[in-house]
Amino acid sequence: MEPYSCDTFVALPPATIDKRIIFGKNSDRLCDEVQEVVYFPAAVHDSREPLKCTYIEIDQVSETYAVVLSRPAWLWGAEMGANEHGVCIGNEAVWGREEVCDEEALLGMDLVRLGLERADTAEKALKVIVDLLEKYGQGGNCTEGRVEFSYHNSFLIADRNEAWILETAGKHWAAEKVKEGVRNISNQLSITTKIDQEHPDMRNYAKQKGWWDGKKEFDFAATYSYLDTAKMMTSSGRYCEGYKLLNKHKGNITFETMMEILRDKPSGINMEGEFLTTASMVSVLPQDSNLPCIHFFTGTPDPERSVFKPFIFVPHISQLLDTSSPTFELEDPVKKKLHLKSKPDRRHPLYQNHQQALEVINNNEDKARTILDNMRKLEKELFKKMESVLQNKHLDMDEIANLFPQSTKDEIRIYKANITS
């Protein structure tokens, strides 16, 4: 099992039912890192004012879309998220022949958020990301504290109509369009000879480096990494295992199927150990634009022991207080080189109660059964309600505006009832 990991998936008709695109991601990070779920409304900006990302400042745009993000609480960007137009993005760490830059630039997670804030389709998000990559580059420590951990990035970008895989090596990149079926990415380059868009100098750069002779068919993954792409689908890695799980359910994939895949431990997709699955996301993107997109987030580690809670973009969304981490006034993320001796306590209310409940689950068999049964019962009720929404039944806007916060409170109530009893 790879030590640094994430897995992102997409399933499109005819692999899914009811003409829906299903997106899913596990974010696998250092085990003590807290991931929060936060909402930012659409906004108008003074484009003369620079935008402060995790490490660097960049040019701001005049308008940004509303976004919901699952992100490590210490940084500006996000591991995964969605916007009000039904665009979803998740990123992965990848390595290859191109050296990772030590200089602080845009993190891949910053690019996820920027793509969501600035694009109303998947293809436009791809353009936003590659333009920013060209202008500012990617780089910087991707963990909080003294551990140095940097990488290049791949992205899976989806909307109601299609998906794009974008894989990078420094400023060079290749993109593959996905119109139907299933596709997944993990911690390796996976675009081979099907390249639908690319950096204009990508092939020439590979020739100059001696990675490609300019004669044989160009294979991006084989050229820019050390992979034998002919063996990618027969290896025991998570990329291959994820593809097998998607294909096992091909034709009948639902949002619940995607959650089952994210919860799968034998494949290594639901990761345990020093690096573990710290948060998960599943989105339903109906091709019928009259139906809302629904985005489920855990906001807690281990999807097998978490509740997928739904979020729908509507006006006047309630603040997501129970999944928002504390902020620290003296902290300036751009000056991260001042590394504190101890990390700030970033645990949000849901995370705190979830961790206390896990202790009970690990030490009391009867309470464990009660907690897990009640969690699954809550989740089933939420799924039933969301399926009703997807069948174009009544949408109570006031209830939907409070949907995620209320679901989080219900989950916390389950934990508290068994922590204190």
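Which residues line the second largest cavity? I took this up as the opening entry, working on a predicted model.

**Entry 1: cavities**

I searched the structure for enclosed space and found two cavities of 30 Å³ or more. The second largest cavity holds about 30 Å³ of space. I listed its lining as Pro-310, Phe-311, Ile-312, Ile-317, Ile-400, Ala-401, Leu-403, Phe-404 and Pro-405. Strand S18 (309–311), helix H9 (397–401) and helix H10 (403–420) are the elements that each give two or more residues to this lining. I noted that H10 supplies the largest share, with three residues. By class, the lining of the second largest cavity comprises nine nonpolar residues, no polar and no charged ones.

**Entry 2: the six-stranded sheet**

I next looked up the sheet to which S18 belongs. Six strands make up this open sheet in the order S14-S1-S2-S16-S17-S18, and their pairing is antiparallel. Strand S14 (181–185) and S18 each have a single partner strand, so each edge strand has one side without a neighbour in the sheet. I recorded an average turn of 15° between neighbouring strands of this sheet, direction ignored. Within the sheet I examined strand S2 (residues 20–30) and strand S16 (residues 275–286), which pair in the antiparallel sense over eleven bridges. In S16, Leu-285 stands opposite Ile-21.

**Entry 3: the eight-stranded sheet**

I then turned to an open sheet of eight strands, in the order S3-S8-S9-S10-S11-S12-S13-S15 and with antiparallel pairing. Its edges are strand S3 (35–40) and strand S15 (197–198); each has a single partner strand, so one side of each is left without a neighbour in the sheet. Strand S11 (residues 152–158) pairs with strand S12 (residues 163–169) in the antiparallel sense, over five bridges. I noted Ile-157 opposite Trp-164 in S12.

Which strands does helix H1 lie across? I found that H1 (residues 108–118) lies across S3, strand S8 (67–72), strand S9 (80–83), strand S10 (88–94) and S11. Its direction runs at about 160° to S10. Helix H3 (residues 202–209) also packs on the sheet, where H3 touches strand S13 (172–178) and S15. I recorded an angle of about 135° between the directions of H3 and S13.

**Entry 4: the largest pocket**

I looked up the largest pocket and noted about 510 Å³ of space in it. Its lining comprises 25 residues, and those nearest the centre are Glu-36, Val-38, Phe-40, Arg-71 and Thr-327. Which strand gives the most to this lining? I found that S3 does, with four residues. The lining of the largest pocket divides into 14 nonpolar, five polar and six charged residues.

**Entry 5: aromatic pairs**

How many aromatic pairs does a search of the whole structure find? I recorded 15. One pair I examined is that of Trp-95 and Tyr-151, whose ring centres are 6.0 Å apart. The planes of these two rings stand at 75°, so I entered the pair as edge-to-face, the cut-off for that class being over 60 degrees. I placed Trp-95 in the loop between S10 and H1, and Tyr-151 in the loop between helix H2 (122–136) and S11. The pair links distant parts of the chain, with the two positions 56 residues apart in numbering terms: they are 56 residues apart.

Terms used:
Residues are numbered from 1 along each chain as its sequence is written. This is a predicted model: local features need pLDDT of at least 70, side-chain atom pairs count only at pLDDT 80 or more; totals for chains, interfaces and linings use all residues. Side-chain values use heavy atoms; hydrogens and water are left out. Two strands pair if DSSP finds at least two bridges between them. Contact means heavy atoms within 4.5 Å. Axes are lines fitted to C-alpha atoms, for helices over the stretch in contact, and angles run from 0 to 180 degrees between N-to-C directions. On a 1 Å grid over the protein atoms alone, a cavity is a set of points where a 1.4 Å probe fits but cannot get out, and a pocket is an open set with protein on both sides within 12 Å along at least five of seven lines; lining residues have an atom within 4 Å of a point. Grid points are joined across faces, edges and corners, and a volume is the space filled by probe spheres set on the points. Ala, Val, Leu, Ile, Met, Phe, Trp, Tyr, Cys and Pro count as nonpolar, Asp, Glu, Lys and Arg as charged, and the others, Gly among them, as polar. Rings of Phe, Tyr and Trp (its six-membered ring) pair if their centres lie within 6.5 Å; planes under 30 degrees apart count as stacked, over 60 as edge-to-face and the rest as tilted.
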